[in-house]
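Let's take a walk through a protein model together, one piece at a time. Keep the picture open while you read.

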Amino acid sequence: RDGLGGDLLACDHTRRNAPAVIGAVNAVMQQAQEEGAWNGYRSHTTESTATGRVLCLPPIPRPPKAGKDDAPDAADLPWRDSLTTPRETPEETLRTLEARQAARWVVAQIATGTPPREIMVLARQRNRLSPLADELRLLGIATVQPEKADLAEAPEVADLVALLDVLVSPAHDLSLARALKSPLFGANDADLTALALLRREDSEPRRAWLALLLAEADRVPPTLQAAATALAQYTTWVHSLPPHDALDAIYHHGDVLARFAAADRPEQRQAVLANLRALLTTALAQGGGRYLTPYALVRALRQGGIPAPGRADPAAVRLLTIHGAKGLEADAVLMLDTDAPPAVADSMGVLVDWPGEAAAPRCFVFLASEASPPPSANDTLAAELTERTREEINALYVAMTRARQVLALSSVEPHRDSGRSPWRRIEPLAQAVAAADLPVAAAFDTQAPAAETFFMPFVPFPIVEWPSEAIEKEVIETRSEAARVGEAMHWLLEHGALEAANGLESAGSPGAASDAKPAHLAVVARAAREFELPIDAVRQAAAMARRIRTGEGAWAWDAAVIDWQGNEVTLFHGGETQRVDRLVRRRDTGEWWVLDYKSAHRPEEQPGLVEQMNRYRNAVRHANPGAVVRVAFLTGEGRVVELGEEGGA
């Protein structure tokens, strides 16, 4: 504009933010402008027709500060098992409580129809996001942090780095303990205690755990015996192969991908697998792959700076710093830690006044303390503090304008005056959310089965190479929404969720979310997450499930009518494994009924489905010689469509 005489064009109209959100942005920015913290702001307008909401969650109260006389005596403190219970400071506890409340709010948004990918949680500092990720993981909600994260900080990568560390440095007992407790070996505290006791009895008191384990494998529990055999083999590979080849051999021998994925919750598996594969890539790429040793690889990983792979997960909630959220948007945005007091005065720093157009700085000061600057630095420091305030307002503008429809605030009661914090600026414009409106975490189905079976695909060697023409013509098949609705209907019926299915039909409707039971909201959230469906489609699946359970086939769940029942019954007949949706036997006639749930309108008119039902009939008849076996479709319309011996309905 200055050098070429160009025109300055500006736009104050947006298509993103709902009127309620843009109204709050205007009020906050105009107030900041009146205070002198901002200038040049003009009121924004919006094209959005959604009403929108600005909310504030209950502040997490800070307990009163204990005086010297109130400090508990060391003898009165409860004993803490340091192996299972971490030491927490009061600040960490408050941070955890805020994350727990925020996680409940996020789950409530998912339960009322907001897809996880359309929820964004923002914080000024990254350390606020990790506790929230932990709390959401406990509730079965996947999270993703698109910003750069260090690969070595991932727990699964740290486990394998510990394994490499003890293989190249056998005296590192702590690394061996971590590797043994990892999913690769599955040792528990009792196993490690047995190894420690064996070390105490050892005639060579300075012998490392690894040497002791390899030499005395017959005197340790079975889990450690198997680990000793594997560790001996891994030691040979690490000392004779390049790091990537040694890791690759360990991955195949220990079935690393499947073991670590099975040990984590389903919503975290993709992230775990991506990090483990990235470790292999790093072993090949570090230093260009030249002259790399296992010891150098361990050092490089522990020094940090190797980014974890970026991952886009449509079923995950996004956790970001405000700086990392620039250019992004979401239907619902939650801001964490919005009432924190300003940072204390800096000390032992450098103060620089160097305009971008100047060839050299106008002022350069080594400043011992910002609280008591020398008179010559007063003006420069005042200008610096003004720019910091402006940058804080700019960050607040960025955070608020990420929200399309819902903007929510979360905070912890500050320990001192927070000044003009984001909470102080926005709270008067927001609607308070009562703690009672947030679902109780215990009401959600958050416990993954401890012994859940997890299968990883395995391609045996040699790998068949496809011609390039075949690869170009390959089409990736994706399930349609109708197919996923049918799967959701099966899931509801399989889990006997009739009451939840009744609640699902109203749980997501306007004005009814507050009347729905927390268990119903949990089913909404889980079904929407499991099958990647919008709330309307989940309610459609619930309606079909309810009609099946209460329609013409309701007798199939009546204990007075049937004397045996089974869901998802697996049959093996004629060299083929078959799975029946529901198999029951009637008390009055002794007849076996094979029942198959179908969301299709007229399944009896599809020859493939009819043939499948006949195979079910033959399998049950073979398992129960002489019994009468009847087969029928239970349709989403509530009909019972029985198929005769010839396949006719």
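Let's start in the middle of a sheet. Strand 7 and strand 10, which covers residues 403-409, pair in the parallel sense, and five bridges link them. At one of the spots where they meet, Met 335 stands opposite Leu 409 in strand 10. Keep in mind that what you're looking at is a predicted model.

Now look at the other side of strand 7. There, strand 4 (residues 119-123) runs parallel to strand 7, and four bridges join the two. You can pick out individual partners: Val 121 stands opposite Leu 334 in strand 7, and Leu 122 has Met 335 of strand 7 as its bridge partner. So what holds neighbours like these together? Strands of a sheet pair through backbone hydrogen bonds, and they can do this either parallel or antiparallel.

How covered is strand 7, which spans residues 330-335? Mostly: six of its six residues are buried, and here buried means under 20% relative accessible area. For the whole protein, 44% of the 649 residues count as buried.

Time to zoom out to the full sheet. It is an open sheet of seven strands in the order 5-6-4-7-10-3-11, with parallel pairing. Strand 5 (142-144) and strand 11 (431-432) stand at the edges with a single partner strand each, so each has one side left without a neighbour in the sheet. Helices pack on this sheet too. Helix 1 (residues 19-34) touches strand 3 (53-56) and strand 10, and its direction makes about 65 degrees with that of strand 3. Helix 13 (residues 378-400) lies across strand 4, strand 7 and strand 10, and it runs at about 120 degrees to strand 10.

Next, let's see how some helices pack against each other. Helix 9 (residues 243-254) meets helix 11 (residues 269-285) at an angle of about 155 degrees, and their axes are 8 Å apart. That angle is why helix 9 counts as roughly antiparallel to helix 11, since the cut-off for that label is over 145 degrees. On the helix 9 side, the residues making the contact include Leu 247 and Tyr 251, while helix 11 brings in residues including Leu 276 and Leu 280. The crossing of these two helices is left-handed.

Helix 11 has another packing partner to look at. Helix 10 (residues 256-263) packs with helix 11 at about 150 degrees, with the axes 9 Å apart. That makes helix 10 roughly antiparallel to helix 11 as well. Which way does helix 10 pass helix 11, left-handed or right-handed? It's a right-handed crossing. Among the residues in this contact are Phe 260 of helix 10 and Leu 276 of helix 11.

Finally, find the other sheet. Five strands make up this open sheet, in the order 12-13-14-15-16, and the pairing is mixed. Its edge strands are strand 12 (562-573) and strand 16 (640-643), each pairing on one side only. On average, neighbouring strands here are turned by 35 degrees against each other, direction ignored. Strand 12 and strand 13 (residues 576-586) pair in the antiparallel sense over 10 bridges, and one of the matched pairs is Thr 570 with Arg 579 in strand 13. Helix 20 (residues 607-623) lies across strands including strand 12 and strand 16, and runs at about 140 degrees to strand 15.

Technical notes: Residues are numbered from 1 along each chain as its sequence is written. This is a predicted model: local features need pLDDT of at least 70, side-chain atom pairs count only at pLDDT 80 or more; totals for chains, interfaces and linings use all residues. Side-chain values use heavy atoms; hydrogens and water are left out. Buried means under 20% relative accessible area, exposed over 50%, partly exposed in between (1.4 Å probe, protein chains only). Two strands pair if DSSP finds at least two bridges between them. Axes are lines fitted to C-alpha atoms, for helices over the stretch in contact, and angles run from 0 to 180 degrees between N-to-C directions. Angles under 35 degrees count as roughly parallel, over 145 as roughly antiparallel, 65 to 115 as roughly perpendicular and the rest as oblique. A crossing is left-handed if the near helix is turned anticlockwise from the far one by less than a right angle, and right-handed if clockwise. Contact means heavy atoms within 4.5 Å.
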